[in-house]
Every structure is written in structure tokens, then in C-alpha cells.
Amino acid sequence: MTDQAYNYAYLDEQTKRMLRRSILKAVAIPGFQIPFASREMPMPYGWGTGGMQVTCAVIGKQDTLKVIDQGADDTTNAVSIRKFFQTLAQAKTTEVTSEASIIQTRHRIPESPLQAGQILVYQVPIPEPLRFIEPRETETRLMHALQEYGVMHVKLYEDIARYGHIATAYAYPVKVNAHYIMDPSPIPKFDNPKMHQSPALQLFGAGREKRIYAIPPYTQVSSLDFEDHPFEVQSWDEPCAICGAQDSFLDEVVLDDRGTRQFICSDTDYCRQQQEANRD
Amino acid sequence: MTDQALLQVKQISKLYQPNKGCQNISFDLYPGEVLGIVGESGSGKSTLLRVISGREQPDVGEVLYRDRNQQVHSLFQVSESKRRHLLRSELGVVHQHPLDGLRPRVSAGGNIGERLMAVGSRHYGDIRARASQWLADVEIDIDRIDDTPLTYSGGMQQRLQIARNLVTEPSLIFMDEPTGGLDVSVQAKLLDLMRRLVQELNLAVIIVTHDLGVARLLADRLVVMKNSEIVETGLTDQVLDDPQHAYTQLLVSSVLQQ
Ligand SMILES: Nc1ncnc2c1ncn2[C@@H]1O[C@H](COP(=O)(O)OP(=O)(O)OP(=O)(O)O)[C@@H](O)[C@H]1O
Ligand SMILES: [Mg+2]
């Protein structure tokens with residue numbers, strides 16, 4: 001494939017302008033879902049086409065891109081998206097969170113705190129937090145506009161009634177800038193506090209559902225809860241088996257066919273940094 | 001009863017075709033009063049109820065509601081936000097088919113609690129306590145609080161729907177044939193319950209029914225509809241014992257013959 005066969009960053013300039021207009025609107029109304037004319041990407045929906053289009057629209061030759069999938073830089077999906085931008089946007093790439101100017105992610109926010117100037121691009125499967133209760137788009141729009149959000153608490157109520165605590169662990173709904181309720185994509189609720197007052201710009205792209213939304217830097221993001229059942233993040237009884245970190249999100253991995261298990265950092269970059277720090 | 005009307009219906013018309021729907025409807029409703037709307041099938045009872053409960057825009061006419069702070073709102077001139085807020089807090093709607101007014105996959109407690117959460121309650125323990133209280137009030141076993149309405153009998157579903165509406169202590173609820181789909185014995189129990197609640201809560205009710213027995217038992221006043229218009233109105237006993245309009249006479253005698 002020659003570079004000339006495609007425009008810079010795959011999409012044509014008109015499309016990127018359209019995307020940027022949607023992104024600007026999204027930034028102007030934190031947490032509000034902006035419809036956009038989602039394009040066909042050279043991969044199926046569900047593989048991050050929304051996030052990729054957002055990245056296409058914001059990436060430039062001076063950018064350094066990091067791509068993670070479930071916290072890891074080395075999964076098939078992360079590797080192919082990274083290669084895509086290496087080839088079509090001549091992007092520098094990195095696995096180090098602090099070195100990236102754009103981080104495209106599926107299912108995690110990096111453990112290393114994000115900085116001003118960085119952009120975090122989320123791949124979103126289902127952008128509408130009210131969809132579970134209301135299938136009609138006209139109605140959900142009205143509910144957002146009028147802030148009719150009682151049903152979101154019904155969902156949490158049901159959790160407590162059934163399990164004794166709020167069992168929702170992923171895609172835990174948040175209220176952005178004290179107005180719109182937003183689905184943060186299927187990140188673990190462990191990551192929710194990282195969205196609050198983040199110095200980085202957070203952009204969310206849903207390709208199949210054709211929606212873009214955003215959290216501008218330093219925006220209030222609060223997780224829904226009850227006064228007597230306050231929001232809590234996951235915690236583990238043991239540290240990461242590899243790096244010993246006690247403050248990171250851990251994945252349970254099966255080591256052999258006898259069911260031996262270990263808990264290790266889901267953020268591979270963070271785990272490596274901790275190991276290096278331990279060696280020094 | 002105070003002398004200030006709770007609801008004023010002024011020259012309402014909503015027609016789908018000539019004489020199909022409701023037209024030229026005016027009446028006042030006072031706090032704590034139960035008004036029955038009776039008439040044959042297709043006479044426009046449900047259409048009228050949808051309009052006066054703020055759920056369907058009339059072609060002409062006005063519906064004025066006096067809120068708890070004695071402020072009067074014209075239901076079709078206030079903002080949509082205000083109208084929907086009133087519907088969730090001070091007004092209520094009980095549908096004929098209970099599942100139309102319930103969330104089938106949400107527990108009974110969640111169904112009752114939703115209106116509380118919608119108006120800002122954020123304390124799980126309080127919400128649950130009030131849901132339990134309301135279950136008891138509508139004579140549903142507390143043990144069923146975490147079961148979904150789909151596991152309830154028709155009569156229980158209807159009582160749950162009533163509890164879901166009453167939890168925010170509305171001043172007025174609208175009911176469209178609330179006993180319609182129920183067995184006679186279940187109906188009787190529900191009617192007893194409704195009568196008790198109306199008295200205890202000083203609740204105003206507008207109830208659509210084509211069962212004159214239900215109307216007799218619950219309603220203080222009746223409106224008789226035919227072909228989209230009111231043909232007779234008056235105190236329930238007067239209308240049923242001494243009907244003036246030929247159509248009402250027919251309606252009453254046809255019931256007696258059954
Ligand atoms: N959405 C609609 N579109 C068109 N016509 C309608 C609509 N709703 C009601 N109608 C017509 O208006 C008339 C009155 O209907 P409505 O449902 O109000 O009667 P009703 O008195 O409640 O009857 P029932 O006792 O059978 O429930 C009927 O002729 C009906 O077909
Ligand atoms: Mg009807």
C-alpha cells in the first residue's frame with residue numbers, strides 16, 4: 001500500500017472537518033451526545049470505529065499515539081489500530097502513557113495520571129445510558145433535556161435490593177458538569193474518579209451508534225449513588241503479583257490447567273514502570 | 001371541600017373525526033372529589049382523560065390545575081418540563097392494563113420508588129421504607145417487594161400501580177377503567193381499597209368506567225358522555241336514580257336488565 005493511495009489519516013479532509021465540528025460541539029456541551037455522520041472504516045463496528053474516526057480527526061504529524069485495549073498495548077486490536085495510524089498518519093507511537101499526546105482506549109483509563117494537553121479517545125459501544133429503559137431516541141433526548149434521570153437511580157436501587165450493594169462494576173453512569181448523565185463506556189468503575197477534573201481532554205466516539213461526546217479538561221464528573229450507599233471503587237486483597245502495585249486495577253489471570261490464579265495489573269505500561277522502579 | 005377548584009376543564013375539544021373524540025367539555029373538580037366519567041364504548045372517555053391529564057394536546061380549550069402552592073397552571077401552556085414534573089409529583093395516572101403503567105422488569109420496590117427518585121430522593125433506606133409502607137397500604141405482602149410485577153396476579157399488579165402513583169402523595173389521579181380486566185371478586189377488593197385510600201388521603205380522582213356499579217360505589221359526581229359530548233352531569237345518586245337524558249335512562253335501564 002502506498003501512502004498516496006489514501007488521504008492523511010485515512011479520512012478525507014471534509015469528513016475530518018465534519019468530525020471536528022461535532023467534537024467542538026461535544027466539548028461545548030460536556031456529556032451531551034452529538035450525532036455525526038459515521039463513516040465506513042476498514043474494520044467492523046465493535047472494533048473501535050468510533051474511537052478511530054475521532055483519532056483520525058484530531059491526529060497530526062507532531063502527535064505521539066498510544067493505543068490500549070483493556071489496559072494492554074499488545075492485544076491484537078491495539079496492535080492493529082496502532083499500525084493503522086503508523087501507516088496512514090505517519091504517527092509516532094509509544095506505550096508510555098506520559099509520552100503520548102493522544103491515547104486511544106478501549107475499557108480502561110491509564111493508571112498514570114493524565115496531563116494537560118493529552119487527549120484520551122474512548123471507543124464506545126453503546127453511548128446512550130438511558131437505552132436500557134427507553135428504546136425511543138426521541139424520548140431519551142427529551143429525558144436528557146429535562147434531566148429526567150430518576151430511572152438511572154432505579155437501576156442502582158435494583159442492584160442494592162438484589163445484591164445488598166451497587167453491583168454495577170463497568171460502564172457505571174456519571175453526571176457530567178452537573179447536567180448530562182453519561183455512559184463512560186465499559187471502563188471499570190475503578191476508573192471513574194480519574195475522569196473528574198482531569199487535565200486531559202476526553203473524547204468518546206461510538207461508530208455504530210454515530211455519536212460523539214466529550215469531557216473537557218477540568219470538568220466535574222460524579223458517579224451516581226445513594227447517600228447511604230456511596231459510590232465505591234473495586235479493591236483487591238492482594239497486590240499485583242508481578243510489580244507489587246497496590247493502587248492499580250488488577251485482572252485475574254489463570255496460569256495453568258490446574259486453576260492456579262494470579263492478580264496482575266491490567267495496565268501493562270504501569271506494571272512495567274513499577275517493575276523498573278522496584279529494580280532501581 | 002374548599003371553594004377553589006383543583007382542576008378546571010374549559011371548552012375542551014379533541015376530535016379525530018367528526019364526533020369521534022371529545023368536544024365542548026367543561027367542568028370543575030374540587031379537592032378530594034371523585035368524578036366518574038361514564039358512557040358507551042367509543043364515546044370519548046379515554047380521549048377526554050388523556051387530554052385533561054396533560055398527556056394529549058387538545059384542538060382547543062384549556063385545562064387549569066391548581067398546585068399545592070395554590071398556583072394555577074394551564075397544562076398546555078406551561079413548559080413541557082413543568083407539565084411532566086406535575087405528572088410525576090402532584091398528578092398520577094392509573095392505566096387499565098397495569099403493565100402499561102409499571103416497569104415489568106423492575107422490582108415492586110423499584111416501581112414504587114421510581115417517582116421518589118424522580119423527584120430527588122437519594123436515600124436508599126428511606127426509599128425502601130416508603131415502598132414497604134405503600135405495599136402494606138395496598139395490601140401486598142412485604143415479602144414480595146423484590147419480585148417483579150410479571151410475577152404478580154392482575155389484581156396485585158393493579159394495586160402496585162396505584163401504590164406507584166400514590167407514593168408522591170398526589171392531589172389528583174386519573175384512572176381509566178382500573179377494574180376493567182379483573183375478576184369480580186378481585187374487583188370488589190380493589191374498589192374497597194380505592195374507597196379507603198380516597199378517604200384517607202383526601203385524594204381527588206377522575207375515573208373512567210363503563211361499569212355503573214363502580215361509578216355508584218366510588219364517584220361523588222358523574223359525567224355521562226355520548227358521541228364525544230357530555231349529555232348529562234350531576235351527583236351520582238341523582239344521575240343514576242333519576243336520569244334526565246334519554247341516553248342516560250337507556251344506560252341505567254340496560255344495566256338493571258343485566
Ligand atoms: N389516536 C386515535 N386516532 C384516531 N382515532 C381515535 C384515536 N383515539 C380514539 N379515537 C377514536 O375516538 C373515539 C373515542 O375513543 P375513546 O377511546 O376515547 O373512547 P372510549 O369512550 O374510551 O371507549 P372505550 O369504552 O371502548 O374505551 C373512537 O371512535 C375512537 O376510534
Ligand atoms: Mg377507553
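Is Trp236(A) buried, partly exposed or exposed? Trp236(A) is partly exposed, because its relative accessible area is 25%, and buried residues are those under 20% while exposed ones are over 50%. The model discussed here is a predicted one, and the points below deal with its aromatic pairs, with charges placed over rings, with strand pairing in chain A, and with the surroundings of one acidic residue, Asp69(A).

**Aromatic pairs**

- Over all chains, the count of aromatic pairs comes to 12.
- One of these pairs is formed by Phe190(A) and Trp236(A), whose ring centres are 5.8 Å apart and whose planes make an angle of 65°, an arrangement that is edge-to-face.
- This pair links distant parts of the chain, since Phe190(A) belongs to the loop between β7 (180–182) and α6 (192–195) of chain A, whereas Trp236(A) belongs to the loop between β10 (221–223) and β11 (250–254) of chain A, 46 residues apart.
- Phe190(A) counts as buried, because its relative accessibility is 12%, whereas its partner Trp236(A) is partly exposed.
- Phe226(A) and Tyr124(B) also form a pair, and because their planes stand at 65° with the ring centres 6.0 Å apart, this pair is edge-to-face.
- The pair joins two chains, because Phe226(A) lies in the loop between β10 and β11 of chain A while Tyr124(B) lies in helix α4 (residues 124–137) of chain B.
- Both Phe226(A) and Tyr124(B) are buried.
- In chain A, ring pairs also connect Tyr6(A), Tyr10(A), Phe84(A) and Phe85(A) into a cluster.

**Charges over rings**

- The ring of Tyr8(A) has the charged end of Lys61(A) sitting over it, at 5.0 Å from the ring centre.
- The face of Phe132(A) is likewise covered by a lysine, for Lys155(A) lies over it at 4.6 Å from the ring centre.

**The sheet of β7, β6 and β10**

- In chain A, three strands make up an open sheet in the order β7-β6-β10, and their pairing is antiparallel.
- Because β7 and β10 of chain A each have a single partner strand, they stand at the edges, and one side of each is left without a neighbour in the sheet.
- On average, and with direction ignored, neighbouring strands of this sheet are turned by 30° against each other.
- Strand β6 (residues 174–176) of chain A is joined to β7(A) by three bridges, and within this pairing Lys175(A) has Ile181(A) as its bridge partner in β7(A).

**Strand β9 and its partners**

- Strand β9 (residues 211–215) of chain A is largely enclosed by the rest of the structure, because five of its five residues are buried.
- Arg211(A), Tyr213(A) and Ile215(A) point one way from β9(A), while Ile212(A) and Ala214(A) point the other way.
- Strand β1 (residues 34–35) of chain A pairs with β9(A) in the antiparallel sense over two bridges, and the bridge partner of Ile34(A) in β9(A) is Ile212(A).
- Strand β8 (residues 201–206) of chain A also pairs with β9(A) in the antiparallel sense, here over five bridges, with Ala206(A) standing opposite Arg211(A).
- The hairpin of β8(A) and β9(A) has four residues between the strands, and in it Lys210(A) takes a positive phi near 60°.

**The surroundings of Asp69**

- Asp69(A) lies in strand β2 (residues 64–69) of chain A, and it counts as buried because its relative accessibility is 7%.
- The side chains of Asp69(A) and Arg106(A) are joined by a polar contact of 2.5 Å.
- Leaving aside residues up to four places away in sequence, Asp69(A) touches Thr75(A), Asn77(A), Ala78(A) and Arg106(A).

Note on methods. Residues numbered from 1 in each chain as written. Chains lettered and ligands numbered in written order. Predicted model: local features only at pLDDT ≥ 70, side-chain atom pairs only at ≥ 80, totals over all residues. Heavy atoms only, no water. Phe/Tyr/Trp six-rings, centres within 6.5 Å; stacked < 30°, edge-to-face > 60°. Buried < 20%, exposed > 50% of the residue type's maximum accessible area, 1.4 Å probe, protein only. Lys NZ or Arg CZ within 6 Å of the ring centre and 35° of its normal. Pairing = 2+ DSSP bridges. Axes fitted to C-alpha atoms, helices over the stretch in contact; angles between N-to-C directions. Polar contact = N/O pair within 3.5 Å; in protein donor to acceptor, adjacent residues only side chain to side chain. Contact = heavy atoms within 4.5 Å.
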